[in-house]
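The following note sets out some points for a colleague who is beginning to read this structure. Please keep the sequence and the model in view while reading.

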Amino acid sequence: MGAEERRDRLGELAPDLLAELDADDEEEDDALPDLPNADEYDEIRMRLAPNPNGPWHLGNARMPSVIGTYKQQYDGWMLCRFDDTDPETKRPDLDAYDAILDAVDYLGFEPDEVVRASDRMETYYDHARELIDEGGAYTCSCPAEEFRSMKADAEACPHRDKPAETVREEFDAMVDGDYESGEMVLRVKTDIEHKNPALRDFVAFRMVDTPHPREEASDYRAWPMLDFQSGVDDHLTGITHIIRGIDLQDSAKRQRFVYDYFGWEYPEVLHWGHVQIDAYDVAMSTSTIKAEIADGELTGWDDPRAPTLASVRRRGIRGEAVVESMVELGVSTTNVDLAMSSVYANNRELVDDGADRRFLVRNGELLPVAGDDRPDAGHPPLHPNHDDRGDRDIPVDDAVRLEPDDVPADGERVWLKGYGCLRYEAASENADAADGDGGAGGELVWTGDDISAVREDGVPVVHWVPAEENVRVRLRTMDGDVFGRAEPGFASYEPDDVVQFERVGFARYDGTDDGVTVAYYAHP
RNA sequence: GCUCCGAUAGUGUAGUCCGGCCAAUCAUAUUGCCCUCUCACGGCAAUGACCAGGGUUCGAAUCCCUGUCGGAGCACCA
């Protein structure tokens, strides 16, 4: 019994079971596990909280991929909040704000709202003052190192029990910029004897002398730390579910102290491990990539060797393929390796049906073609599974180019796909030199064999281009640039069109540069 | 040093909460065969895993303990 038949039978015998089966199938499409306590909320509200200190690398795609997919799964709401509260160490890159939104769009998602933390400073100040009045924070002028050692010994610093009025005054002075960097911080009073040293009194605000790169925020000097800013914002924007990296595991525990002072309820929170990606030599870190570009080792954020979203995008890999792979990784807290082959497999599935087939001959060897009754053109199909799309028309003049590995031995035949069967005849005097790389030295002679030569005699089928009428191509790959020649039809594409170079792989048409057509290699 | 978290095939994942239907799911990868005028697509098959040791139990991937390995935090970074 086939699958269809079994299904029909089940439908007759037990319609309930069949319905259940269908329901299961639908759930599997979502692939992500249910969010904790999802049904306790009227609306699932999540946020992306990128630091705009540079364009995104591939690992950054995990956050929007998973959160965006959850948004779809629950018909929820998604905020993109730029956590740009460090004008110095992780200084925002003004171009990155748009680059990141563009990347989210490429992945196929749209935030319901976009905010910048640096626009919300007054809100953070207001909440800090309220926290001070609650007795939940104190200004502290201990040098960082001294406080650190006191904290290690679970010892309170002398500033911890200042009256709220004094704290208020000193905090206002911080806001007014009356202190220099390092002179004064505002700390949240947690539990200085907490057994986990990571949770003892943490900094909520510190002074930064360097002005913020955004003009609107350049006058602020007292900047909130992530744990304070993010905690306040998550509550004010009604976030129900936070998903973030394991490096922020202790953040929730720290922020809960603030939430307790305010009488707020902490959102559901999930943590995941770091993503590593195979297949790249370059380290996947914003700062490393930035440095490689500055050194000229990479040509830009979209260099095919760069592990960035801009790069895979330029290679013709669809955002959807990246999202699927990220979703397949799930949300476990272990560190995971993403195999690029998974992205490639997903992308191949997306583009294969629509990609025209074309020939690209890399490092081709020039071979004259002889034979009086040979056809003057080859006509391979545009797509093997779609006859209705028609054939290509590739003229054969006096010679063709083949990839060196495809040039047959003397006397052997080869089938030029869409054209026909030819026999290689090395030049008699220098047959030994035939496989030198300067040129084969022989010629291809039309044999007139029909397709049974391929089916029964095993003559290899190869791709080829005409010697004269072809398109010079620079194929940019992860391993560097490759030069070759494509069939004439390759000249007629638009940027972003994806083709499959037969027996080479999928590639995205990029444009022309100084008479050479540029394509980006995607994957096999 | 203190504190948290984790460990299922090459990779990722399901199952773990509520022990039996798990000699462990699915995808990808690799290999072979079929199809094919591509090494694509499609079809079939093979390969391959419960970190280790104890304990509880009639029964443990699942519960408990110990160990090993890995990760994270203890920043005036995010």
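A residue counts as near a strand if one of its heavy atoms lies within 4 Å of it. Helices and strands are DSSP runs, numbered from the N terminus. The model discussed here is predicted.

1. Surroundings of the RNA. There are 54 residues around RNA strand B, and those that come nearest are Lys90, Arg206, Thr334, Arg357 and Arg503. Of the atoms of RNA strand B that come within 4 Å of the protein, 72% belong to sugar and phosphate.

2. Make-up of the surface. The surface near RNA strand B consists of 20 charged, 20 nonpolar and 14 polar residues. At least two residues each are supplied by α6 (144–152), β6 (202–207), α9 (249–262), α12 (319–329), β11 (336–338) and α13 (340–351). The largest share, four residues, comes from α9.

3. Individual polar contacts. Which part of RNA strand B lies 2.5 Å from an N or O atom in the side chain of Arg503? The partner is a base nitrogen. Asp250 places a polar side-chain atom 3.0 Å from a sugar or linking oxygen of RNA strand B. For Leu329, a backbone N or O atom is 3.1 Å from a phosphate oxygen of RNA strand B.

4. Packing of two helices. The axes of α3 (residues 62–74) and α12 come within 9 Å and cross at roughly 80°; the two helices are therefore roughly perpendicular to each other. Arg62, Ser65, Val66 and Thr69 of α3 make the contact with Val323, Met326, Val327 and Leu329 of α12. Five residues of this contact are nonpolar, two are polar and one is charged.

Note on methods: Residues are numbered from 1 along each chain as its sequence is written. Chains are lettered from A and ligands numbered from 1 in the order in which they are written. This is a predicted model: local features need pLDDT of at least 70, side-chain atom pairs count only at pLDDT 80 or more; totals for chains, interfaces and linings use all residues. Side-chain values use heavy atoms; hydrogens and water are left out. A polar contact is a pair of N or O atoms within 3.5 Å; within protein, one must be able to donate a hydrogen and the other to accept it, and residues adjacent in sequence count only if both atoms are side-chain atoms. Ala, Val, Leu, Ile, Met, Phe, Trp, Tyr, Cys and Pro count as nonpolar, Asp, Glu, Lys and Arg as charged, and the others, Gly among them, as polar. Axes are lines fitted to C-alpha atoms, for helices over the stretch in contact, and angles run from 0 to 180 degrees between N-to-C directions. Angles under 35 degrees count as roughly parallel, over 145 as roughly antiparallel, 65 to 115 as roughly perpendicular and the rest as oblique. Contact means heavy atoms within 4.5 Å.
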